[in-house]
Amino acid sequence: QSLLPTGYTFRSLRRSDYKLGHLDVLADLAHIGDISEAEWTERFDYLAKCEGTYLVLVIVEAGDDEHEEKRIVGTGTLVVERKFLFKLGIQGHIEDIGIKADQQGKGLGIKMLNALDLIAKEVGCYKTILDCSAKNEGFYIKCGYDKEGTEMQHYF
Ligand code: ACO
């Protein structure tokens, strides 16, 4: 927490965060489409029921009153996969990292990654993996990641 600049805090995504602009941050990452608050909340509830599997972390910018939350400016997800391989190993998947365009370059992205990696380690993951575009490789290398493997995809 203290690692973030003054005026920003980390916390888990809350059921009320549709109103605080969670989707606005993701919109800088990829196409979102029209999602109503009810649809967003249904997905939130589903993730919450999968106990210990989805952790969505957000960075919130404070308002003029430091106790007031102005908007979400960053988000990132850790998906915890429980495997049979590696003696029932637990592997972390980092997904949907996004820092609001006007807040990029302030070190928030690297702090998001460090926080998700710390949580992954604490819940017992032996490693975290992620897919990214070539233009973001340098960012993830700065976050301590090494390039490995080949990404494949199959659209339906
Ligand atoms: N390529 C190379 N280096 C980079 C890049 C990049 N694309 N972006 C940041 N860096 C460097 C910075 O210069 C900084 O280096 P320094 O410590 O030497 O000064 C370091 O990485 C940390 O940068 P931050 O300020 O923490 O990065 P930022 O807060 O801007 O977040 C992010 C980076 C998440 C890629 C942001 O630009 C973003 O949200 N982009 C749009 C969405 C996106 O592409 N998300 C990643 C999708 S992949 C996934 O989710 C697994």
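1. A polar contact is taken here as a pair of N or O atoms within 3.5 Å. The structure is a predicted model, and the contacts below are read from it on that basis. One such pair joins a nitrogen atom of the ligand to a polar backbone atom of Ile97, at 2.7 Å.

2. Oxygen atoms of the ligand also meet the backbone. One lies 2.8 Å from a polar backbone atom of Ile99. For Gly109, a polar backbone atom is 2.8 Å from an oxygen atom of the ligand. Of the ligand's own accessible area of 980 Å², the protein covers 71%.

3. The ligand is placed in the largest pocket. Three elements each give two or more residues to the shell around it: strand E4 (90-99), helix H4 (108-122) and helix H5 (137-142). E4 makes the largest contribution, six residues.

4. Which residues come nearest to the ligand? They are Ile97, Ile99, Gly107, Gly109 and Lys142, out of 23 residues around the ligand. Sorted by class, the shell holds nine nonpolar residues, seven polar ones and seven charged ones.

5. On the cysteines, a disulfide is a covalent bond between the sulfur atoms of two cysteines. The cut-off applied is a pair of cysteine sulfur atoms within 2.5 Å, and the count by this rule is zero disulfides. Why is Cys50 without a bond to Cys125? The sulfur of Cys125 is the closest cysteine sulfur to that of Cys50, but the two are 16 Å apart, which is too far for a bond. Cys143 is likewise in no disulfide, and the nearest cysteine sulfur, in Cys132, is 10.0 Å away.

How values were computed:
Residues are numbered from 1 along each chain as its sequence is written. This is a predicted model: local features need pLDDT of at least 70, side-chain atom pairs count only at pLDDT 80 or more; totals for chains, interfaces and linings use all residues. Side-chain values use heavy atoms; hydrogens and water are left out. A residue is near a molecule or strand if one of its heavy atoms lies within 4 Å of it. A polar contact is a pair of N or O atoms within 3.5 Å; within protein, one must be able to donate a hydrogen and the other to accept it, and residues adjacent in sequence count only if both atoms are side-chain atoms. Accessible areas come from the Shrake-Rupley method with a 1.4 Å probe; for residues, only the protein chains shown count as cover. On a 1 Å grid over the protein atoms alone, a cavity is a set of points where a 1.4 Å probe fits but cannot get out, and a pocket is an open set with protein on both sides within 12 Å along at least five of seven lines; lining residues have an atom within 4 Å of a point. A molecule sits in a cavity or pocket if more than half of its atoms lie within 2 Å of its grid points. Helices (H or I, at least four residues) and strands (E, at least two) are DSSP runs, numbered from the N terminus. Ala, Val, Leu, Ile, Met, Phe, Trp, Tyr, Cys and Pro count as nonpolar, Asp, Glu, Lys and Arg as charged, and the others, Gly among them, as polar.
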